[in-house]
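Let's take a walk through a protein structure together. Keep the sequence and the 3D view open as you read, and look for each residue when its name comes up.

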Amino acid sequence: MINMKRTTYCGFVTEKYLNQEISLTGWVNKRRDHGGLIFVDLRDREGIMQIVFNPDFNQQAHVLAHELRSEFVILVSGKVVQRDANLINKNIATGKFELQVTNLVILNKSKALPFALDEDNIDEETRLKYRYLDLRRPDMFNKMQLRNEIIFATREFFFNNGFIDVETPILTKNTMEGAREFIVPSRIHEHSFYSLPQSPQMYKQLLMAAGFDKYVQVARCFRDEDLRADRQPEFTQLDLEMSFINEEDIIDVVSRYIQYILKKVQSIDVQLPFKRITYDYAFSNFGSDKPDIRFDLKIQDFSSLFVNTELKFLKSVIASGGKVGGLHVSGKAYSRSELLAWVDTAVKFGAKGLLWVRFNEDCKHESPVSKFLPDNFFDQLKSTICPTLKAGDTIFLIAGEYEEAWTLLGRLRLEVAEDLKIIPHDELNFSWVVDFPMFEYNKDDKRWYSKHHPFTSPQAGWENLEQKDIKARAYDIVLNGIELGGGSIRIHDSAIQKKIFNMIGMTNEAAQAYFDFLLESQELGYPPLGGLAIGLDRFVMLLTGSKSIREVIAFPKTQRASDPMMKAPSEVDEQKLELYRLKYLPKKIK
Ligand code: ASP
């Protein structure tokens with residue numbers, strides 16, 4: 001009788017099994033027919049083992065082995081033997097051995113796969129439609145395995161630091177965190193809807209009201225946003241909250257957590273404390289609140305040089321309170337066509353234009369606006385804004401409203417640095433960005449929004465400041481220009497909470513209607529508190545060197561928020577809608 005239980009994984013066959021009878025299960029990775037002998041690479045999640053069919057070992061198994069095709073699922077048993085020295089395969093861990101098969105059971109057959117597992121350029125839609133095949137690739141399995149290790153180590157770290165892991169509801173109510181929420185109709189409560197949580201924000205605050213003191217959760221979150229390059233409608237956050245603490249405590253525990261994970265999972269040592277920079281510094285120097293500070297190339301303010309310019313465009317920008325920002329690029333003398341390509345890049349980012357000034361061998365300037373620049377422009381620049389200016393350097397300028405111009409320059413800075421090859425790609429540079437503005441103004445909606453969320457505490461002295469000048473007790477953790485996570489110290493006084501709601505245009509009535517539970521909790525013994533959330537998918541993506549978070553999520557949605565495998569979302573029939581007292585309106589997008 002053949003033993004239907006495998007002895008070990010294919011990838012785990014070692015010396016210890018030599019000359020022993022064992023059973024293995026797995027997928028036929030490759031079959032090679034060498035006349036009398038049939039060789040199969042048998043694959044399971046741990047690796048590959050070569051198995052051999054020879055009529056001398058077993059006639060019946062050898063005959064049956066002719067039927068084997070790629071991706072058949074089989075069970076085999078036989079003796080582990082040493083391969084001849086000249087046949088050892090150094091590319092696989094089990095390369096010294098092979099299994100002489102005496103029994104073969106075909107557990108499942110496979111048609112030809114829609115793509116070969118070792119093919120590289122398969123379009124993503126196909127990969128997601130057959131995600132279970134895509135996940136058969138060792139590379140994908142390894143990523144999932146590393147994710148598993150990260151999550152295990154995460155739970156271990158927080159458990160050891162006194163945090164309590166609490167699961168919070170998925171069917172809930174809008175948390176006002178800024179994104180559009182998914183809604184779920186209630187059958188029992190007609191005309192009523194649940195929201196899927198953008199984060200467990202409200203619950204974690206209430207757990208602090210409950211006295212839990214330290215909370216953590218690997219939490220699923222949902223945001224119904226138009227998907228940009230690397231967003232998913234559902235994603236995983238490492239969510240935490242603590243009571244009786246300040247910014248330093250959160251920054252400390254999260255820094256130590258990151259240090260712990262890197263050491264444990266990647267054997268990488270990172271030094272604490274991480275650098276700290278203010279939002280204002282980050283934005284004015286790097287045009288971003290998540291700056292990549294692995295290289296310098298700072299944005300500089302060139303406005304003072306153009307106060308008396310004859311250039312109409314710049315003149316009007318400065319007159320209307322705008323600025324002229326720029327990058328001083330050294331180390332590469334651009335050709336004209338390269339300069340034009342940079343103009344195109346800036347325009348692609350949304351800039352109205354990009355002004356360049358190139359300094360030739362004798363430091364004379366060349367630029368489309370050369371005739372408007374003074375003859376001594378080089379000296380002027382060198383003695384004021386660019387002390388290291390030299391022949392061959394280029395200045396790129398973008399003029400406009402400060403936030404807009406600097407954001408564009410921030411993007412250009414990254415592209416230019418990539419092109420100059422000055423980004424040390426193997427460096428891990430963590431930094432904390434602090435002192436965020438409390439609010440941001442939306443010109444289209446003509447109203448203020450919370451920059452983080454409305455539960456964030458303003459910094460001391462806020463009562464006497466204009467809305468635009470109020471700073472928040474918020475902090476973000478940034479790695480190599482990517483925001484890994486963020487959080488804040490929360491408001492714990494209902495009167496302040498109401499005022500902040502008012503400042504983003506929410507009336508007291510609306511605040512009561514949405515957040516009566518929170519405001520009430522803040523009057524029933526509510527501790528000072530704060531927390532943070534880290535985008536776990538992104539963290540895993542960076543640690544696995546993946547290009548997108550879709551690579552580290554087992555079953556992600558496409559960039560159009562759909563699942564081509566299960567075919568979600570899908571229509572439900574009218575009868576079902578009727579149960580919810582819902583009806584279709586004609587489609588807006590055909
Ligand atoms: N809930 C916030 C977020 O999802 C994080 C926090 O403030 O703790 O970004």
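We will visit the ligand and its surroundings, then some strands, and finally the salt bridges. Please remember along the way that this is a predicted model.

Start at the ligand. Which residues are closest to the ligand? Its surroundings are made up of 14 residues, and E177, Q201, K204, H452 and R490 are the closest. If we sort this shell by class, we find two nonpolar, eight polar and four charged residues.

Now look at some individual contacts. A polar atom in the side chain of S199 sits 3.0 Å from a nitrogen atom of the ligand. H452, which we have already met among the closest residues, places a polar side-chain atom 2.8 Å from a ligand oxygen atom. H453 takes part too: an N or O atom of its side chain is 2.9 Å from an oxygen atom of the ligand. How much of the ligand's accessible area does the protein cover? On its own the ligand has 270 Å² of accessible area, and the protein covers 91% of it. Three elements each give two or more residues to the shell around the ligand: α5 (201-209), β21 (482-489) and β22 (529-535). Of these, β22 gives the most, with three residues.

Keep β21 in mind, and turn to a strand that pairs with it, β20. Is β20 buried or exposed? This strand covers residues 474-479, and six of its six residues are buried, so β20 is largely enclosed by the rest of the structure. To see how its residues are arranged, it helps to recall a general point: in a regular strand, side chains alternate between the two faces of the sheet. In β20, A474, D476 and V478 lie on one side, while Y475, I477 and L479 lie on the other, and all of them are buried. Both faces of the strand are therefore covered, in keeping with a strand that is largely enclosed.

What are the partners of this strand? As a reminder, strands of a sheet pair through backbone hydrogen bonds, either parallel or antiparallel. Strand β17 (residues 430-434) pairs with β20 in the antiparallel sense, over five bridges. In this pairing, you can find W432 opposite I477 of β20. β21 is also joined to β20, by six bridges, and these two strands run antiparallel as well. Here D476 has G486 in β21 as its bridge partner. β20 and β21 form a hairpin with two residues between the strands, and in this hairpin N480 takes a positive phi near 45°.

There is another sheet to explore. What is the order of strands in the open sheet of five? Its order is β12-β13-β16-β14-β15, and the pairing is antiparallel. At the edges are β12 (299-301) and β15 (365-366), each of which pairs on one side only. Strand β14 (residues 355-359) is joined to the edge strand β15 by two bridges in the antiparallel sense. Look there for R358, which stands opposite E366 in β15.

Our last stop is the salt bridges. How many does the structure hold? There are 42 of them. In one, the side chains of R550 and E124 meet, with N and O 2.8 Å apart. R550 is in the loop between α14 (536-543) and α15 (574-579), while E124 is in helix α2 (residues 124-129), so this pair ties together parts that are 426 residues apart in sequence. The two partners can be described by their accessibility: R550 counts as buried because its relative accessibility is 8%, whereas E124, at 26%, counts as partly exposed.

Another salt bridge joins R473 and E247, whose closest N and O atoms are 2.7 Å apart. This pair also links distant parts of the chain, since R473 is in the loop between β19 (447-450) and β20 and E247 is in helix α6 (residues 247-266), 226 residues apart. With a relative accessibility of 25%, R473 counts as partly exposed.

Methods. Residues are numbered from 1 along each chain as its sequence is written. This is a predicted model: local features need pLDDT of at least 70, side-chain atom pairs count only at pLDDT 80 or more; totals for chains, interfaces and linings use all residues. Side-chain values use heavy atoms; hydrogens and water are left out. A residue is near a molecule or strand if one of its heavy atoms lies within 4 Å of it. A polar contact is a pair of N or O atoms within 3.5 Å; within protein, one must be able to donate a hydrogen and the other to accept it, and residues adjacent in sequence count only if both atoms are side-chain atoms. Accessible areas come from the Shrake-Rupley method with a 1.4 Å probe; for residues, only the protein chains shown count as cover. Helices (H or I, at least four residues) and strands (E, at least two) are DSSP runs, numbered from the N terminus. Ala, Val, Leu, Ile, Met, Phe, Trp, Tyr, Cys and Pro count as nonpolar, Asp, Glu, Lys and Arg as charged, and the others, Gly among them, as polar. Buried means under 20% relative accessible area, exposed over 50%, partly exposed in between (1.4 Å probe, protein chains only). Two strands pair if DSSP finds at least two bridges between them. A salt bridge is a side-chain nitrogen of Lys or Arg within 4 Å of a carboxyl oxygen of Asp or Glu.
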